[in-house]
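Here is a short set of exercises to work through with a viewer open. Try each task yourself before reading the solution.

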Amino acid sequence: MLKAYKYRMYPTKQQEEMFSKHFGCVRVIYNWALEQKIKTYEQDGKAVSRFTLNKTIPTLYEDMEWLKEVNSQSLRGATLNLDNAFTRFFREKTGFPNFKSKKNPVQSFSVPQYYKVDFEKNKVKLPKIGWIKTILHRHFDGKCKTATVSKIPSGKYFISILVDDGKELPDKQDFDENSAVGIDVGIKDFAIMSNGEKIDNPRHLNNSVKRLKVLQKRLSRKQRGSKNRDKAKQQIAKLHEKIANQRNDFQHKLTSRLISENQAIALETLTVSGMLKNHKLAQSISDVSWSSFVTKLEYKAEWYGKSILRIGQFEPSTKICNVCGYHNNNITLVERQWQCPDCGASHDRDVNAAINIKKFALNKQNLIGI
Ligand SMILES: [Zn+2]
């Protein structure tokens, strides 16, 4: 079983410089690889593989000698990350992979192997960088897989180490209508379940998001290049970090509960973006939020032998009466309640959708293109 362990790192000034070289070089390779993929596709209609790209990387050294200063495995890790971005794009339709910018809030590079962890001395040794002070507050046993070093906007560094503990994953448990739940994404609530339960974001998280809007408005009024603007930016970075932590905490609790209470969880494969077109901030927050929630559900399901059932995206989940199957085209987005003109059942819009998601998943039906 694979588990990730995340630790705070405290690099020296010199090591910070090496980190920043790695962030930069990995970004260059990522963008180069993305460009190659797009070009090859446009010219020949073909996909260029990661292995072909990796073989070409050394030829770049001639023009960009500084690439040699960093761990060559981290450079190859960039093409793997790009492959993963494409997988997510095809599976979740989350948007075509973007070119990475120096201004991205989180900078990272991966270290696929040849690093060492010293629990006694609280140090991690990375190729080309050396031993870095790291607070290894949790011990792990197993085989170290890829590690990822990241820097967040407030300036903190972390390393996340993927560990294979060698244990087999449990067999999938049986499920039926009574032990499965359907979940729908909400506009107002975070999620709605087929059993009628609605889950809102916790209040402290909502408060932080409100505060973020205030701070961003304030930032927009500060003069470019001024000290006050830098200060405002730093405040926003800190709040982003707090929101990420609060959201993570909330999602961990929720996913653990859902996994322990149900044998199977049905979800719609979807993009939240379509629903929130007019609220850019809200959109970016909920996009990240939903996909990281699904990721947590998926790996916890693996750990505990539970099933995640995915159905294709289909608008009618909100429009079909879950009792008689009547297709009600007259529902608008603002209507929270509706009564089925055919069988007379009254529905809460979101709960009805969640019930449909569960039903369709259990029937192994896919209503794409209905
Ligand atoms: Zn009906």
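**Warm-up: the overall fold**

Task: Work out what share of the contacts in the protein between residues at least 6 apart in sequence join residues at least 24 apart.

Solution. Keep in mind that this is a predicted model.
- Step 1: take the contacts in the protein between residues at least 6 apart, and 67% of them join residues at least 24 apart.
- Step 2: add the inventory, which is 7 helices and 14 strands.
- Step 3: put a box around the C-alpha atoms along the principal axes, and you get roughly 70 × 55 × 50 Å.
- Step 4: check burial, where buried residues account for 44% of the 370 residues.

**Exercise 1: the zinc site**

Task: Find which residues are the protein donors of the zinc ion, and decide what geometry their donor atoms make.

Solution.
- Step 1: look around the metal; the SG atoms of C321, C324, C340 and C343 lie 2.2 to 2.4 Å from the zinc ion.
- Step 2: go through the angles. The 4 donor atoms subtend 107 to 113 degrees, so the arrangement is tetrahedral. The cut-off to clear here is that all angles lie between 85 and 135 degrees.
- Step 3: read the spacing along the sequence, which is C-x2-C-x15-C-x2-C. C321 sits in the loop between strand 12 (307-311) and strand 13 (337-339), while C343, 22 residues apart from it, sits in the loop between strand 13 and strand 14 (346-348).
- Step 4: compare accessibility. C321 is at 2%, so it counts as buried. C343 is at 36% and therefore counts as partly exposed.
- Step 5: look for disulfides as well; the structure holds 0.

Follow-up: where is N330, and is N330 buried or exposed? N330 is in the loop between strand 12 and strand 13. Its relative accessibility is 65%, so N330 counts as exposed. From N330 to A354 the C-alpha distance is 19 Å, with their positions 24 residues apart in sequence.

**Exercise 2: the nonpolar cores**

Task: Identify which residues touch the most other members of the largest nonpolar core, and which element gives the most to this core.

Solution.
- Step 1: the largest nonpolar core has 41 residues, and M9, F19, L75, L126 and I159 touch the most other members.
- Step 2: list the elements that give two or more residues; among them are strand 1 (2-10), helix 1 (13-44), helix 3 (72-92) and strand 7 (157-164).
- Step 3: pick the top contributor, which is helix 1 with 10 residues.
- Step 4: zoom in on I159. Leaving out residues up to four places away in sequence, I159 touches residues including Y5, Y7, M9, V124, L126 and A147.
- Step 5: don't stop at one core. A second, separate core has 27 residues, including V209, L267, W290 and V294.

**Exercise 3: strand 4 and its neighbours**

Task: Say which residues of strand 4 make up the covered face, then trace how strand 4 pairs with strand 3 and strand 5.

Solution.
- Step 1: start from the general pattern. In a regular strand, side chains alternate between the two faces of the sheet.
- Step 2: apply that here; V124 and L126 form the covered face of strand 4, and K123 and K125 the uncovered one.
- Step 3: on to strand 3, which pairs with strand 4 in the antiparallel sense over 3 bridges. V117 stands opposite V124.
- Step 4: now strand 5 (residues 130-135), which runs antiparallel to strand 4 and is joined to it by 4 bridges. K133 is the bridge partner of K123.
- Step 5: inspect the turns. The hairpin of strand 3 and strand 4 has 4 residues between the strands, and N122 in the turn has a positive phi of about 50 degrees. With a relative accessible area of 25%, N122 is partly exposed. In the hairpin of strand 4 and strand 5, with 3 residues between the strands, K128 takes a positive phi near 70 degrees.

**Exercise 4: the open sheet**

Task: Write down the strand order of the open sheet with 5 strands, and name the edge strands.

Solution.
- Step 1: the order is 10-9-8-11-12, with mixed pairing.
- Step 2: strand 10 (198-199) and strand 12 are the edges, as each pairs on one side only.
- Step 3: strand 11 (residues 264-268) pairs with strand 12 in the parallel sense over 5 bridges, and I265 stands opposite I308 in strand 12.

Notes: Residues are numbered from 1 along each chain as its sequence is written. This is a predicted model: local features need pLDDT of at least 70, side-chain atom pairs count only at pLDDT 80 or more; totals for chains, interfaces and linings use all residues. Side-chain values use heavy atoms; hydrogens and water are left out. Donors are N, O and S atoms within 2.8 Å of the metal (3.2 Å for Na, K and Ca); water is not among the atoms, so sites may look incomplete. Four donors count as tetrahedral if all angles lie between 85 and 135 degrees; four count as square planar and six as octahedral if opposite donors are over 155 degrees apart and all others between 65 and 115; anything else is irregular. Buried means under 20% relative accessible area, exposed over 50%, partly exposed in between (1.4 Å probe, protein chains only). A disulfide is a pair of cysteine sulfur atoms within 2.5 Å. A nonpolar core is a set of buried Ala, Val, Leu, Ile, Met, Phe, Trp, Tyr and Cys residues joined through side-chain atoms within 4.5 Å. Contact means heavy atoms within 4.5 Å. Two strands pair if DSSP finds at least two bridges between them.
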